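Reader: I'm new to this one and would like a close look at a single part. Could you walk me through how the rings and charges sit, and then the metal site?

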Amino acid sequence: MRLPSVKLALDPRRSTDLVIMGVFERTAPSTHGLPKRIVNAAVRACESPGFKALDGQVRRVETSGADREVVEVHGLGPKGTFNERKLRKWIARVAVAAGQEGCKKAGLVTPDHPAAKGRRSLSVLTEVLLSGYRFDRFRKSPSARRLQKIQVVPPLGEDSIYGEALPVAKKLATSVAWARDLGNTPPNVATPVWMAEQASELAGDLGMKVEVLGSEELLAKGMGGIVAVGSGSSNSPRLVRLEWGEEGETVALVGKGVTFDTGGISIKPSQGMEEMKYDKCGACAVLGMARAAADLKLPLRFRAYLPLVENMPDGKSYRPADIIRSYNGKTVEVIDTDAEGRMILADAMAWAAEEKPDTLLEFSTLTGAAVVALGSHGAALYSPHEDLVRELLAAGDSSGDRLWQMPLWEEFREEMKGVHGDLKNLGSRWGGANNAAAFLANFVGRVQRWAHVDIAGTAYEASREEGISGATGFGVPLITDWLLSRTERF
Ligand code: BES
Ligand code: ZN
Ligand code: ZN
């Protein structure tokens, strides 16, 4: 995985194949930091017949002179309704398209908008870096159709914050790209053991403590959920615990790592089942967050817990009607073996909570119902702590990893009570993301603050388009943003 090199400001001489610029309706193109010939070309493009800077409108013109460059002006619609998320999407779209057209070097003029200013510079630069991301480890020859050098022109007055943001963005983008690589790796390679090896390598590189529990240790420790879900696969389960940092608040991160989810005995329909390689994206995101936090040397103590299993149908599989004892002693009646995420998270969250972190955050591709509710436009956030909700929603807005708060009502907890066990793993059909969250609430002990984020709709893009489809690394920018603002590092 190699990301493009990014420099701030355009070289004064001709040095790019293409200059990309965003303009808003009824506003002149920004001229800050641009050579005259580019400004003139941009003005000509904006004056071309029919161009109103409507969202999606594009005009291309060439600069005059011996070395002609192409200037591409993109309409961004009205300034008032533009936001961080639209900006991130626009950057990804135009930079990927430029690369696919064979362009190697491009300039990107950042639009003059609050979404691109101050701390927002971090997500702008991260997105620029990630526009060169491709998953081509499994191709004979890697795709050359991507931008290799990008010159970013910050908005007026923002040069110094962009300068500060760039080294942070490089570390963040590298962590996101790594989380994507892990998520995209196919299930015949990315087994629980392989995932644990990746975590151990990371720990070695960044000086983290790592503990990996195998089947026997899991059994001995009473991690009944992980053992049960893992029992149907010849790829045995693992539980990884990472530890880093000696000062500051303790943040525990838990991520669902189902390396492939067939549904088990309650098997899924075959159509679209290949998408279930992404069922480990919670764990991949947590690894990405751990990497970013350690690489940025943030003053905090973090602990990461990754339950890793493959959910398969087999003579040894766990089955509907089984009663499983979780790490905290509560028993769960299995109704549906496809509700396996909550079974393994129960153990991992109970362990995380037992170690009394200040904040416990859990990420999982937990329910199709979360996708029904929010599509791929945001992840479902559950937390009983209003201050934590406010902090995470704000980090979601500024990072572009958007969240939407969902309810943790009593009624959903009632639904999850068992008949012959303390709990059951399936509630009614309606509000399926909410009753899953209510189930998890039984495993957080007396932890001070906790949140569950259902990333089923945002963890991957299922389109077939190269350069766009695949794991997104959702959550890594979100939590890095949250941690940076908590530790006042950027
Ligand atoms: N991994 C799935 C959830 C999922 C669905 C993730 C779509 C990404 C896209 C999860 O383990 C699952 O199978 N959930 C069931 C829950 C049900 C059995 C209670 C679901 O959502 O249908
Ligand atoms: Zn499932
Ligand atoms: Zn699953």
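Author: Sure, and keep in mind that this is a predicted model. Let's start with a charge over a ring: Arg180 has its charged end over the ring of Tyr133, 5.3 Å from the ring's centre. Arg291 does something of the kind with Trp178, lying over its face at 5.2 Å from the ring centre.

Now for rings with rings. Searching the whole structure turns up 7 aromatic pairs. One of them is Phe135 with Phe138: the ring centres are 5.9 Å apart and the planes meet at 45°, so this pair counts as tilted. Phe135 is partly exposed, at 23% relative accessible area, and Phe138 is partly exposed too, at 45%. Tyr305 and Trp351 make an edge-to-face pair, with 5.5 Å from centre to centre and 70° between the planes. That pair ties together distant parts of the chain, since Tyr305 belongs to strand 11 and Trp351 to helix 9, 46 residues apart. Tyr305 and Trp351 are both buried.

On to the metal. The zinc ion (ligand 3) is held by Lys256, Asp261, Asp279 and Glu340, at 2.0 to 2.4 Å. Its 6 donor atoms subtend angles of 77 to 173°, which makes the arrangement octahedral. Along the sequence, the donor residues follow the spacing K-x4-D-x17-D-x60-E. Lys256 sits in the loop between strand 9 and strand 10, while Glu340 sits in the loop between strand 13 and helix 9, 84 residues apart. Lys256 and Glu340 are both buried. Finally, Asp261 bridges the zinc ion (ligand 3) and the zinc ion (ligand 2), which are 3.2 Å apart.

Technical notes. Residues numbered from 1 in each chain as written. Chains lettered and ligands numbered in written order. Predicted model: local features only at pLDDT ≥ 70, side-chain atom pairs only at ≥ 80, totals over all residues. Heavy atoms only, no water. Donors = N, O, S within 2.8 Å, 3.2 Å for Na, K, Ca; no water. Tetrahedral: all angles 85-135°; square planar, octahedral: opposite > 155°, others 65-115°. Helix = DSSP H or I, 4+ residues; strand = E, 2+ residues; numbered from the N terminus. Buried < 20%, exposed > 50% of the residue type's maximum accessible area, 1.4 Å probe, protein only. Phe/Tyr/Trp six-rings, centres within 6.5 Å; stacked < 30°, edge-to-face > 60°. Lys NZ or Arg CZ within 6 Å of the ring centre and 35° of its normal.
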